[in-house]
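Visitor: Can you walk me through this one? I'm new to it.
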Amino acid sequence: MGLEFLEGNEAIARGAIRANCNFFAGYPITPSSSILQHMLDRLPASGGIAVQAEDEIASIGFCIGAAMAGSKVLTATSGPGISLYSENIGLAIIGETPMVIVNVQRQGPATGSATKGAEGDIQFTRWCTSGGLPVIVLSPATVGEAYELSYHAFNLSERFRVPVFLLTNKEIGLTRESVDLDAIELPALIERTRAAVDEAYRPHYFDEPSAVPAFSDFGGEHIARFTTSTHDKDGFLATNPQVVQEMIDHYAAKVDAAADELALVKRDFQEGADTLIISYGITSRSATVAVREARAKGLKVSALSLQTLYPVPRSALISAIEGVQKIIVPEMNMGQYILEVERLAPASVEVIGVNKMDTTLISPDEILERGGLQ
Amino acid sequence: MNAVAETFLTDEIGPLPFCPGCGHDRLVKALDKALVELQPDPKKVVIVTDIGCIGLADRYFVTHAFHGLHGRSITYACGLKLARPELTVIVLKGDGGCGIGGAHLLNVARRNIGITLIVANNFNYGMTGGQHSVTTPTDGLTTTTPLGNIEGAMDLCATSIAAGAPWAYRGTGFDRDLGERIADAIRQPGFAMLDIWDMCTAYYLPRNQLKKKDLTGMMERLGLQAGLLADKPRPEYGEQYRQIHAQATQAARPRPEISAKYDHAIDRQIGIVVAGSAGQKIRSAAALFAQAGMFANLEATQKDDYPITVMTGHSVTEIILSPERIDYTAIDSPDYFVVVSGEGLQKSRARIEKLDTSATLYAEESLDLPETNARIVRLPLVATAKKINRLSIGVVALGAMLADSGLFPMDAFNESISTLQRKAIGEVNLQALEAGAAMLRQECV
């Protein structure tokens, strides 16, 4: 396609289709509606299905059904819609359903400022359903990254049989940027491992807790079982505490054991820096400018921007924190990912949040001023 | 090789789990009878359930078993059916599920997705302690209506039919032909639903001293009919979906390519704000300008601000152009500000007041501008656009701004319009561009 002027929402749709997504269901909500539109415009022409459901609960319900029938599914909403997805997200976790969920964040709570950006759903996305088991959360900073991480999210959802969130922001979703998607290098496509045709199918079978069970489509070569209830490796109701715990350990281990490998981060370290800025999403672009300006003033500053928010890229954070005296965490919320940073930072390190949710971007100047980099 | 299956039930996990005398037992066996009659490949059948006693049933069949959230079984069934139209998808749900999932019942009926819904209707929540449901008859005694139900009972068939269900049947678990009627439903290409009344022996039966024959009596008292209540086939959703998309004209016109072939005169990030009104095509003019910048080898971003009622009020667009990657996408100190209407001015007044001396403000001449340190260029934008096309005001203004600022060659804007726009609109905008540029060249002379 060459050089294009694209909004982040279109880039997400294009990344999904590039990853062979063939089923989409969604419900209109600003600022994610144009993902629904782009999928409706593109999927049916290539033999896929894109539908507008009656509400968010039906959107994700359609997707879970289609995913278990073998489709590669995407749904997209904004924060209020994630509230309505919540129970079904738990179902996708317990049923080990591969699916990609986009949250184009808008300022909240509740209806909030529907047409304005925010990053208020960071911890919400991680803890969005009962049970507290892990999900994967990726956060792009640019339109190009929205495309790349959308594709990547499909690979991860297929590989780990887990819902993967693409956590973006109105400020990326509805901002157009000059971008050449063809110039973005993408890894090889990953499809879920399917159970051997001639073997008895056990829908949730694993040997090691972190192993991902082979999949068989509803309507495919085996008789498949799927249940919202606590079950064993065969998909039958389980009440034996030992079996119950074994399954829970498995849901946690398959994501957590891969944390280092899943850690997508961008490092811009400066030798001898005593300050580190940790950021993600659109705000990491303000951080980039702040770092540039601070260095121009002769200050020594490092930056770590995160594309993977969950599982927390612990090793990357710990090694970045090593040796600094101050960490600045700018966020378009009242302080959410800073909690993950504080957990890992030694007590002697000062951790400063630069926070606002007044619907405007955090500016480089605000990071410099409030972070004490004058 | 394909022996006739005598049952689709399995005893692999033991006998059916229902209370003695529970109607669900009869219903599950009637469904089995229907499957035996139809003899489908079990690998092509999915039984979908949700929460409620009947939700225990799916796993006792040799077919695929899908047990989902309370009230949501219809949504999974629709996803399965849309993804794999060759599947026979049968939903077993209770009256409770029809309450919490009422919206899905209405919408599957309205869309006519080819699944079969069997409601095991026993007028209360058997799984959670006998609370009243949407189908509990008025005066019915339940744990949550101890003085008698004062709510009206929902007529599931009439509700579904009103929403568009082409096939609906009401009966009881005691009907001798229930298996056949379920088979009839499964044969329907579209959505088919059966409202099957039965006994909850744990709660509803003892509290209401209900007897087997009373079910028909209850129907009469409530003024409800039994039997086949709708049989008006119409096209199934998934089939229609595939048909209309197969017929649809192939993909939209390919997106024209932008090639960075012109030079520019920009050495830093430049912020441009264009403020106008809804309906003035401000956003599309700005997009053409930004892409003109891309033709001139610049990076570009565009952000739009407008009320959700898109046909009224302001339309303010921010464009950033830069020779390098654009990081921060807000414009704190605009370099160029273009105001074409009163609504645009109203929305931007505070920002205009704060413009500094290095900024230039291009404004429609009739506007009453606030005090500002910016260089002001007043232009007859409305009058000029009016001569060409009212909707070209954004291009007129940006043409003037480009002529004055010399950020990049006019040819790049020209090429952006002629490459990216359809011919008829493009020609209007090329005229507008020329008029805008000429107007300011004259001003400057």
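Guide: One term to start: helices and strands here are DSSP runs, of at least four residues for a helix and at least two for a strand, numbered from the N terminus. Also, this is a predicted model.

Visitor: Fine. Where does A:Pro109 lie?
Guide: A:Pro109 is in a chain A loop, between strand E5 (99-105) and helix H5 (122-126). The peptide bond leading into A:Pro109 from A:Gly108 is cis. Its omega is near 10 degrees.

Visitor: And the bond from A:Tyr310 to A:Pro311, cis or trans?
Guide: That one is cis, with omega near 0 degrees. A:Pro311 sits in the loop between strand E13 (308-310) and helix H11 (314-321) of chain A.

Visitor: Why point these out?
Guide: Most peptide bonds are trans, and most residues other than glycine have a negative phi.

Visitor: OK, phi then. What is the phi of A:Asn20?
Guide: Positive, about 70 degrees, though A:Asn20 is not a glycine. A:Asn20 belongs to the chain A loop between helix H1 (8-18) and strand E2 (23-26). A:Asn20 is partly exposed, at 42% relative accessibility.

Visitor: What about B:Phe123, buried or exposed?
Guide: Buried, with 0% relative accessibility. B:Phe123 also has a positive phi of about 70 degrees without being a glycine. Its loop runs between strand E4 (116-121) and strand E5 (124-125) of chain B.

Visitor: New topic. How many disulfides are there over all chains?
Guide: Zero. A disulfide needs two cysteine sulfur atoms within 2.5 Å.

Visitor: Why does A:Cys21 have no bond?
Guide: The closest cysteine sulfur, in A:Cys63, is 8.1 Å from the sulfur of A:Cys21, so it is too far for a bond. A:Cys21 is buried, at 4% relative accessibility.

Visitor: And B:Cys22?
Guide: Too far as well: its closest cysteine sulfur is 6.1 Å away, in B:Cys19. B:Cys22 counts as buried, at 9% relative accessibility.

Visitor: Let's talk holes. How many cavities of 30 Å³ or more are found?
Guide: Five, in a search of the whole structure. The largest has a volume of about 60 Å³.

Visitor: Which residues line the largest cavity?
Guide: Residues of chains A and B, including A:Phe226, A:Leu237, B:Asp58 and B:His67. Strand E9 (225-227) of chain A and strand E2 (64-67) of chain B each give at least two residues. The largest share, three residues, comes from E9 of chain A.

Visitor: How does that lining divide into nonpolar, polar and charged?
Guide: Four nonpolar residues, three polar and three charged.

Notes:
Residues are numbered from 1 along each chain as its sequence is written. Chains are lettered from A and ligands numbered from 1 in the order in which they are written. This is a predicted model: local features need pLDDT of at least 70, side-chain atom pairs count only at pLDDT 80 or more; totals for chains, interfaces and linings use all residues. Side-chain values use heavy atoms; hydrogens and water are left out. Buried means under 20% relative accessible area, exposed over 50%, partly exposed in between (1.4 Å probe, protein chains only). On a 1 Å grid over the protein atoms alone, a cavity is a set of points where a 1.4 Å probe fits but cannot get out, and a pocket is an open set with protein on both sides within 12 Å along at least five of seven lines; lining residues have an atom within 4 Å of a point. Grid points are joined across faces, edges and corners, and a volume is the space filled by probe spheres set on the points. Ala, Val, Leu, Ile, Met, Phe, Trp, Tyr, Cys and Pro count as nonpolar, Asp, Glu, Lys and Arg as charged, and the others, Gly among them, as polar.
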